[in-house]
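Please open the model in your viewer and keep the selection panel at hand. We will go from stop to stop, with a selection to make at each one.

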Amino acid sequence: MPDSPADGTAAAGTGATTQATATTQQQQPAAQQQQQAAPAQTPQTQQEVDRIVLNYLNQKGYRQAEIALKREANLLTLEEQAAALAAKDKETTGAATPAGPLQPTHDKNEMGDPDAYEQAYSSLRRWIENSLDLYKPELMSVLFPLFLHSYLNLVNRGLKEQASKFMTTYKSDHLEMHSQDIARLATITDAQHIKENELAQMYKTNKYNLRMAPVSFELLIAFLQDNKFIVLLRIVNQHVNIQVGAAAAGEDEVIGIAGHGTHQLATFNQQSVALGQMPPDAAFREQVEQTLKEEEALAGGDTIMNGETPTSLLEEYKKVKTEAGVDSPSRDDVPLPPFKGSDIQAEIEALRDSRKRVALGPSSLPSICAYTFHNAQENINCVAVSEDATMMAAGFSESYVRLWSLNGEKLRGFRSNFNPAHIHDSNDLNRVKEKKGADSKKLIGHAGPVFGASFSPDNKYLITCSEDKTARLWSTSTLTNLVCYKGHNYPVWDVDFGPQGFYFATASHDRTARLWSCDHIYPLRIFAGHLSDVDVVKFHPNSKYVVTGSSDKTSRLWDVQRGTCVRVFTGHVGAIHAIAMSPDGRMMASAGEDRSIQLWDLGSGKRMKKMTGHQGTIYSLDFSQDGSILMSGSADCTVRAWDVKKEGSQGGAGHRILQDDREGTAAGSASGTVASSPVLAQGQGQGALGAGATAAAMERLNKKGLQTGPLESEDHLATFPTKRTPIYKVQFTKRNLCLAIGAFSGN
């Protein structure tokens with residue numbers, strides 16, 4: 001993530017673009033705890049020098065000299081200009097002109113210029129586009145009310161040609177959020193229409209509500225004043241209500257005009273989507289059924305247990321593999337290579353796992369197996385676990401990836417003195433491998449910190465991404481780098497393998513996500529639309545869509561065939577660092593810096609509910625195999641379980657207040673021996689807080705008036721705390737065992 005300079009006013013006020021070389025990544029757990037030193041605040045423009053001198057004169061009390069310098073340097077504020085004009089009018093006419101903050105003065109030549117609105121708006125738009133990513137989302141929010149009132153003012157002044165050109169040029173910037181309002185306002189062509197149009201009168205008589213951080217607000221006002229964009233300042237004063245500062249806890253924030261659906265995403269999110277499961281290939285299905293028949297024949301029939309004949313795998317497979325549904329995508333939408341024999345065996349193993357899957361629910365919480373990294377908290381950036389939980393990979397700031405074996409099998413790389421020309425088959429390959437092997441191996445190839453990793457579904461490959469702007473494909477059998485994928489212009493924050501294993505997607509600091517296939521070194525699709533870094537990317541279960549989460553506080557659903565955005569999800573008040581897709585492909589969960597989890601319906605694009613309770617940034621989310629339980633891992637050193645099926649509460653109801661210093665056993669956590677290199681410790685546990693103990697603790701807190709903890713939503717099922725281990729990754733296995741991975745923090 002780009003680090004913002006300490007002198008944000010100077011950087012953005014001059015319209016300069018700051019592209020910091022990011023050596024850390026805000027989305028990654030370890031990198032979030034590091035801060036760059038602020039750059040030296042050296043004046044670079046005459047305007048900054050003037051402001052320093054003015055500050056000195058103000059501190060010394062040299063009022064006349066300050067006013068004289070301001071007048072000469074054209075740095076008078078609106079109030080000072082109004083006061084100066086009032087004094088001048090009083091000298092010439094003997095009558096005073098009223099002055100105040102909502103009475104901005106204006107240049108007659110500027111107001112008479114028919115292109116004043118277009119010039120001011122285009123300059124502001126360009127300045128916001130080049131501003132720091134930290135402030136851009138908030139600054140972008142002011143463009144719509146300025147666009148709308150600029151158009152209405154042009155129409156009201158009878159400048160039909162300029163108004164039409166203005167609408168045509170800039171309306172595309174706002175169609176995504178305000179398509180209905182723009183369609184209605186575009187029909188207004190003269191002043192009489194404004195008086196008769198209810199929507200126009202609503203915008204003219206009500207202020208547009210926005211919320212900005214103090215720095216963003218100061219940057220905006222300073223830019224408008226420094227460039228003397230009086231026409232836009234008047235609109236801000238008369239028609240925009242900017243709330244400066246963060247919203248109070250539990251406050252329902254109104255963006256736009258109260259009672260009016262200003263953000264009309266419902267229209268944009270009505271695009272048709274195919275969320276059903278990808279229909280199985282007919283030839284592949286026949287091969288699986290034939291293999292199951294042969295295995296049953298070799299087994300000699302079903303064994304009778306307790307007087308009942310168990311259901312055969314073949315019968316179960318026929319029930320599970322249904323035909324394509326109404327909203328299932330076509331196999332032509334996502335071209336895939338021909339299936340292999342290993343794919344058939346993987347399908348049969350998945351069927352066996354489903355037989356042994358544990359049923360989960362509010363009364364049957366999952367078991368958690370926790371892995372803790374020691375001596376790695378400052379260096380580890382990402383963690384990935386294979387689907388069958390046999391391998392784990394971690395990316396480190398020292399530019400390497402370390403691979404662990406979790407099932408006891410040794411990892412065997414190549415000997416250093418082998419000749420590749422002598423390898424012709426698998427037997428030759430085994431002969432040139434190491435004889436003993438090791439529990440873990442280091443994969444070296446990246447030229448910068450590794451920020452993302454993902455295993456292929458068949459565990460044969462590992463894809464990683466780095467600050468060096470590349471993604472690399474590794475073989476887990478030979479422990480070598482196979483391909484280097486180049487295409488991004490800036491560091492790559494996240495990577496995710498598709499469900500079929502042939503495609504993968506990357507997310508980058510260049511504000512784009514990209515789709516790749518393993519057999520092409522250049523991207524197949526570029527997904528552009530986010531206003532800031534794309535921090536996380538996930539595939540939809542049917543491979544037809546990709547979901548991205550960004551620092552611009554939104555997440556988006558992209559069609560991989562067309563390369564276009566088909567859903568936009570807004571509602572978070574912080575960067576999004578975690579995304580999870582439900583197994584049936586109907587729901588998506590997102591979380592991040594605002595410590596809340598939001599559950600979305602992909603079909604309608606609407607938020608289903610908001611779940612709160614975490615006290616730190618949320619790093620990871622995952623659904624259980626049946627989609628009924630959602631697990632989350634956070635910087636607050638806890639794993640939490642959430643009830644997905646429980647309906648979300650309305651308003652502020654449906655929350656309970658918990659004590660900050662909750663005591664309990666660290667479920668699934670185990671201490672490990674401190675060593676000079678990263679050590680992996682493993683433990684296992686199950687449990688939740690007792691309802692009686694929690695109720696008694698809450699009653700004591702109520703009596704003492706200590707209800708200062710965070711609001712916890714009613715769909716929260718349990719908290720599994722660790723001692724001092726932030727949880728970077730949570731993942732369900734095929735049998736509904738929850739894996740939690742974190743790095744022990746000594747602080």
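The tour below starts in a nonpolar core and then moves on to two loops.

Bear in mind throughout that this is a predicted model.

Begin by selecting L124, L220, L224 and L232, the residues that touch the most other members of the largest nonpolar core, a set of 48 residues. Next, colour helix α9, residues 143-156, because this helix gives the most to that core, with nine residues. In soluble globular proteins, nonpolar side chains tend to be buried together.

Stay in the core and centre the view on L224, whose contacts, leaving aside residues up to four places away in sequence, are L124, F229, L232, L233 and V236.

Now move to the loop between β8 (450-455) and β9 (461-466), and select N459 there. Is N459 buried or exposed? With a relative accessible area of 9%, N459 is under the 20% cut-off and therefore counts as buried. If you display its side chain together with that of D388, you will find a polar contact between the two side chains at 2.6 Å. Residues up to four places away in sequence not counted, N459 also touches S386, E387, T390, M391 and T476 in addition to D388.

For the last stop, select S312, which lies in the loop between α17 (282-299) and α18 (313-320). The relative accessibility of S312 is 8%, so this residue, too, counts as buried. Finally, add L292 to the selection: 20 residues separate it from S312 along the chain, while the C-alpha atoms of the two are 9.0 Å apart.

Terms used:
Residues are numbered from 1 along each chain as its sequence is written. This is a predicted model: local features need pLDDT of at least 70, side-chain atom pairs count only at pLDDT 80 or more; totals for chains, interfaces and linings use all residues. Side-chain values use heavy atoms; hydrogens and water are left out. Helices (H or I, at least four residues) and strands (E, at least two) are DSSP runs, numbered from the N terminus. Buried means under 20% relative accessible area, exposed over 50%, partly exposed in between (1.4 Å probe, protein chains only). A polar contact is a pair of N or O atoms within 3.5 Å; within protein, one must be able to donate a hydrogen and the other to accept it, and residues adjacent in sequence count only if both atoms are side-chain atoms. Contact means heavy atoms within 4.5 Å. A nonpolar core is a set of buried Ala, Val, Leu, Ile, Met, Phe, Trp, Tyr and Cys residues joined through side-chain atoms within 4.5 Å.
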